[in-house]
Amino acid sequence: MFRVSAKLEYGLRAMIYLGENYPHEKVTLSQISQKENISREFLAQLMSDLRRANLIESYKGITGGYTLTKPPKEITLKEIFEALEGPIQIIDCIHLENKCERENTCYSKSVWRFIEKKIIDLLGKLTLEDLINGTIRKEEVLTL
């Protein structure tokens, strides 16, 4: 089954919450945890991954919290997916160089490469702002 993991779903929800508050205020871990019903421990792990990917900043102290490093319209879903899940790879065999015993007789490899490229291209065109607004810039998506 091809599906979004809980880690990615919760990470996206946290990013949406941060995006809704950008650039006006820092948001605490507790605020996100309560609003999105995500355990603080799990959320802290997600925020660490997002911070390492330079998608969010954290501030310590009484006025601390989290904020996006750039506007939601400049953060792609591809960046968020890769920060939380690693490289987008829909099937392992297309990333193995000469290690597949069916290499010379496999006709589906090029189809899988095409599908993966389209997914990556789509995620690279959709932004956090699209998620926040619930809209898709159709002209960009249709050109895939």
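# Close-up views of a predicted protein chain

**View 1. The hairpin of strands S1 and S2 in the predicted model.** In this predicted model, the hairpin formed by S1 and S2 has 5 residues between its strands, and Gly61 takes a positive phi near 100 degrees there. Strand S1, which covers residues 56-59, pairs with S2 in the antiparallel sense, and the pairing runs over 4 bridges. Two of the facing positions can be followed by name: Ile56 stands opposite Leu68 in S2, while the bridge partner of Ser58 in S2 is Tyr66.

**View 2. The two faces of strand S2.** In a regular strand the side chains alternate between the two faces of the sheet. For S2 both faces are covered, with Gly65 and Thr67 on one side and Tyr66 and Leu68 on the other, and these residues are all buried. Tyr66, which is the bridge partner of Ser58, also belongs to the contacts of Met47 and to those of Arg51, so that the next views return to this residue from helix H3.

**View 3. Arg51 and its surroundings.** Arg51 lies in helix H3, and its relative accessibility of 36% makes Arg51 count as partly exposed, because that value falls between the limits of 20% for buried and 50% for exposed. When neighbours within four places in sequence are left aside, Arg51 is in contact with Ile56, Ser58 and Tyr66. Arg51 and Tyr66 are separated by 15 residues in sequence, and their C-alpha atoms are 9.3 Å apart in space.

**View 4. The largest nonpolar core.** The largest nonpolar core has 29 residues, and those with the most contacts inside it are Met15, Leu18, Met47, Leu50 and Ile80. Two or more residues are given to this core by each of helix H1 (6-21), helix H2 (29-36), helix H3 (40-52), strand S2 (65-68) and helix H4 (77-85). Helix H1 gives the most to this core, with 7 residues. Met47 is a useful point from which to follow the packing: leaving aside neighbours within four places in sequence, Met47 is in contact with Ala14, Leu18, Leu29, Ile32, Ile56 and Tyr66.

**View 5. Gly11 in helix H1.** Gly11 is found in helix H1 and counts as buried, because its relative accessibility is 0%. Apart from neighbours within four places in sequence, the residues in contact with Gly11 are Leu46, Leu50 and Leu84, and Leu50 is among the residues with the most contacts inside the largest nonpolar core. For a longer reference distance, Gly11 and Ala53 are 42 residues apart in sequence, with 13 Å between their C-alpha atoms.

**View 6. Backbone geometry in three loops.** Most residues other than glycine have a negative phi, and most peptide bonds are trans. In the loop between H1 and H2, where Pro23 lies, the peptide bond from Tyr22 to Pro23 is cis, with omega near -5 degrees. In the loop between H2 and H3, where Asn37 is found, this residue has a positive phi of about 55 degrees although it is not a glycine. Asn37 is exposed, because its relative accessible area of 66% is over 50%. In the loop between H3 and S1, the place of Asn54, a positive phi of about 65 degrees is again found in a residue that is not a glycine. Asn54 is also exposed, with a relative accessible area of 52%.

**View 7. The whole chain, as a setting for the close-ups.** The secondary structure of the protein chain comes to 7 helices and 2 strands, and from the N terminus on its elements run α-α-α-β-β-α-α-α-α. Taken along the principal axes, the C-alpha atoms fill a box of roughly 60 × 35 × 25 Å. Of the 144 residues, 33% count as buried, and the accessible surface comes to about 9,300 Å², of which 51% belongs to carbon and sulfur atoms. Among contacts in the protein chain with a separation of 6 or more, 60% are accounted for by residues 24 or more positions apart. The chain has 21 positive and 21 negative charges, and the mean positions of these two sets are 1 Å apart.

Definitions and conventions. Residues are numbered from 1 along each chain as its sequence is written. This is a predicted model: local features need pLDDT of at least 70, side-chain atom pairs count only at pLDDT 80 or more; totals for chains, interfaces and linings use all residues. Side-chain values use heavy atoms; hydrogens and water are left out. A nonpolar core is a set of buried Ala, Val, Leu, Ile, Met, Phe, Trp, Tyr and Cys residues joined through side-chain atoms within 4.5 Å. Buried means under 20% relative accessible area, exposed over 50%, partly exposed in between (1.4 Å probe, protein chains only). Contact means heavy atoms within 4.5 Å. Accessible areas come from the Shrake-Rupley method with a 1.4 Å probe; for residues, only the protein chains shown count as cover. Lys and Arg count as positive and Asp and Glu as negative; His and the chain ends are not counted. The place of a charge is taken as NZ of Lys, CZ of Arg, CG of Asp or CD of Glu. Two strands pair if DSSP finds at least two bridges between them.
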